[in-house]
Amino acid sequence: MEQRILGGSGIGVAAIGLGCMGMSEFYGATDEAQSQATLAAALEAGVTLFDTADAYGFGANEELLGRFLRGAGGRALVASKAGIVRAPGSYERRVDNSPAYLRAACEASLRRLGVESIDLYYLHRLNLETPLEESLGALARLVEQGKIRAVGLSEVSAATLRRAAAIHPIAAVQSEYSLWTRDPELGVLQACREVGAAFVPYSPLGRGFLTGALAAPGALEERDFRRHNPRFSAENMARNGAIAASVRAIAAEQGCTAAQLALAWLLAQGADIIPIPGTKREAYLRENLGAAALRLDAAALARLDAALPLGVAAGARYTEEGMKGLDA
């Protein structure tokens with residue numbers, strides 16, 4: 001698979017990574033054996049960047065990934081995050097960027113992952129009550145101590161990214177970006193290129209909606225958080241149906257699946273874009289990775305841009321609780 005670089009860190013990764021969150025929480029039932037098989041298949045297929053966070057499953061996702069890493073022979077690179085603090089059994093959260101919290105969170109993540117150093121460590125969300133200089137200072141010391149290799153930011157504004165990059169090198173910015181969530185085009189992508197940071201889109205398939213596999217909220221499992229996501233309400237799913245239909249139609253013309261089209265579109269936005277589609281199933285993994293070989297011509301890209309412009313999706317990206325720290 002094509003290799004791309006995490007900003008100025010010099011760390012090379014495959015052009016498509018793997019988001020591991022759903023293996024432990026948020027998208028219905030989980031299956032350890034199935035997840036481990038998917039992780040192993042991803043590594044064998046050339047995936048090198050595996051994305052997790054301490055908030056996913058209250059540490060369970062890092063532990064799951066840690067079990068996989070023990071047999072990965074050092075071939076897998078890990079991205080994790082700290083800053084979202086949740087109480088067990090609750091979606092409610094607060095954001096903590098204090099140096100003491102970040103130090104303790106990193107140590108806990110290292111233990112769960114079973115590694116000596118985390119390759120890319122993000123501030124998961126920003127709490128503007130903590131000076132950015134203090135948070136980045138704590139992360140810089142973790143770099144100096146060899147506990148993390150590179151620093152990233154998640155869901156920040158362009159202005160914050162520029163401020164942060166003046167304090168410490170930022171290797172990557174992770175935010176939601178897809179054919180139905182094009183907000184990063186309003187300035188964050190440009191700021192990434194100004195400061196030399198890679199951009200890592202999460203939910204590049206619109207939390208599965210762009211694949212056309214989700215017809216109605218009732219099709220989602222009871223524990224699936226999309227049942228409460230504004231874009232997945234019955235009214236908004238009906239309105240958003242035209243989006244999925246457009247993606248499927250253009251994909252058929254290109255001789256690929258909707259998922260592959262959505263990922264190929266992202267890859268075509270620049271060599272600094274490294275999407276991390278999440279899945280816990282090997283079949284979906286292999287389908288997604290097929291996008292790496294797909295090249296969209298200018299006409300196909302123009303048609304997608306016209307059919308799915310900025311702001312096309314009905315509904316907010318998250319509930320009010322989930323919006324905490326976004327675009328900070």
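Author: In this predicted model, a residue is called buried when its relative accessible area is under 20%.

Reader: What makes strand β5 largely enclosed by the rest of the structure?

Author: Strand β5 covers residues 77-82, and 6 of its 6 residues are buried, so the strand is largely enclosed by the rest of the structure. Leu 77, Ala 79 and Lys 81 point one way from β5, while Val 78, Ser 80 and Ala 82 point the other way, and all are buried.

Reader: How do you know that β4 and β5 pair?

Author: Two strands pair if at least two bridges are found between them. Strand β4 (residues 49-51) is joined to β5 by 3 bridges, and the two run parallel. Within this pairing, Asp 51 has Ala 79 of β5 as its bridge partner. Together with helix α2 (residues 60-69), β4 and β5 make a right-handed β-α-β unit.

Reader: What joins β5 to strand β8?

Author: There are 4 bridges between β5 and β8 (residues 118-123), and these strands run parallel. Ala 79 stands opposite Leu 120 in β8.

Reader: Why are α4 and α5 called oblique to each other?

Author: Helix α4 (residues 132-144) and helix α5 (residues 158-167) pack at an angle of about 50°, and their axes are 10 Å apart. Angles under 35 degrees count as roughly parallel, and 65 to 115 as roughly perpendicular. The angle of about 50° falls in neither range, and α4 and α5 are therefore oblique to each other.

Reader: Which residues of α4 and α5 meet?

Author: Leu 132, Glu 133 and Leu 136 of α4 meet Thr 160, Arg 163, Ala 164 and Ile 167 of α5. The crossing of α4 past α5 is right-handed.

Key: Residues are numbered from 1 along each chain as its sequence is written. This is a predicted model: local features need pLDDT of at least 70, side-chain atom pairs count only at pLDDT 80 or more; totals for chains, interfaces and linings use all residues. Side-chain values use heavy atoms; hydrogens and water are left out. Buried means under 20% relative accessible area, exposed over 50%, partly exposed in between (1.4 Å probe, protein chains only). A crossover is right-handed if, with the strands pointing away from the viewer, the path from the first strand over the helix to the second runs clockwise. Axes are lines fitted to C-alpha atoms, for helices over the stretch in contact, and angles run from 0 to 180 degrees between N-to-C directions. Angles under 35 degrees count as roughly parallel, over 145 as roughly antiparallel, 65 to 115 as roughly perpendicular and the rest as oblique. A crossing is left-handed if the near helix is turned anticlockwise from the far one by less than a right angle, and right-handed if clockwise. Contact means heavy atoms within 4.5 Å.
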